[in-house]
Amino acid sequence: MFNKIAAVSKACSVVGAELVTVSKDDIHKSVEYIIGEGKTPKPMKDSNDMISELMIFEGFTSDSLDAFLDAYKQTKAPSVTYKAMVTPINKKWSLTYLYSHLVEEAGH
């Protein structure tokens with residue numbers, strides 16, 4: 001796990017992004033609250049799923065996301081399985097619900 005966090009940190013520095021880690025106390029709060037856009041932590045959708053790993057991107061352009069992913073790949077760290085861009089719909093969800101949605105989409 002440390003290799004992935006170090007790789008994410010390095011890729012963030014390449015694109016000028018900020019790495020923000022979230023505590024277990026915050027996984028049932030809305031994404032918009034976590035990214036500083038929401039006034040209430042209560043999500044519209046929540047889940048009791050456990051999160052193995054999840055990376056969300058907020059404020060990235062297509063080019064900066066590509067640059068980030070290329071920089072991450074160059075570190076040779078194992079890939080992060082579940083990743084998502086913040087969207088107007090998923091920012092109303094909790095991190096656990098977003099994760100469960102990604103797992104369902106992946107068919108696992």
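These legends describe several views of one predicted model.

**View 1. The whole fold of the predicted protein.** Four helices and two strands make up the protein. Their order from the N terminus is α-α-β-α-β-α. Helices (H or I, at least four residues) and strands (E, at least two) are DSSP runs, numbered from the N terminus. Residues are numbered from 1 along each chain as its sequence is written. Local features need pLDDT of at least 70, side-chain atom pairs count only at pLDDT 80 or more, and totals for chains, interfaces and linings use all residues; side-chain values use heavy atoms, without hydrogens and water.

**View 2. The extent of the chain.** Along the principal axes, the C-alpha atoms fill a box of roughly 35 × 30 × 25 Å. Of the 108 residues, 33% count as buried (under 20% relative accessible area, with a 1.4 Å probe and protein chains only).

**View 3. The largest nonpolar core.** Such a core is a set of buried Ala, Val, Leu, Ile, Met, Phe, Trp, Tyr and Cys residues joined through side-chain atoms within 4.5 Å. This one has 13 residues. V8, A11, M55, F57, F60, F68 and Y72 touch the most other members. Two or more residues come from each of α1 (2-15), β1 (55-57) and α3 (62-74).

**View 4. The surroundings of M55.** Neighbours within four places in sequence are left aside here. M55 is then in contact (heavy atoms within 4.5 Å) with V8, F68, V80, Y82, K83 and A84.

**View 5. Another core.** Apart from the largest core lies another, of 10 residues. Its members include V31, Y82, V86 and L98.

Note on methods
Buried < 20%, exposed > 50% of the residue type's maximum accessible area, 1.4 Å probe, protein only.
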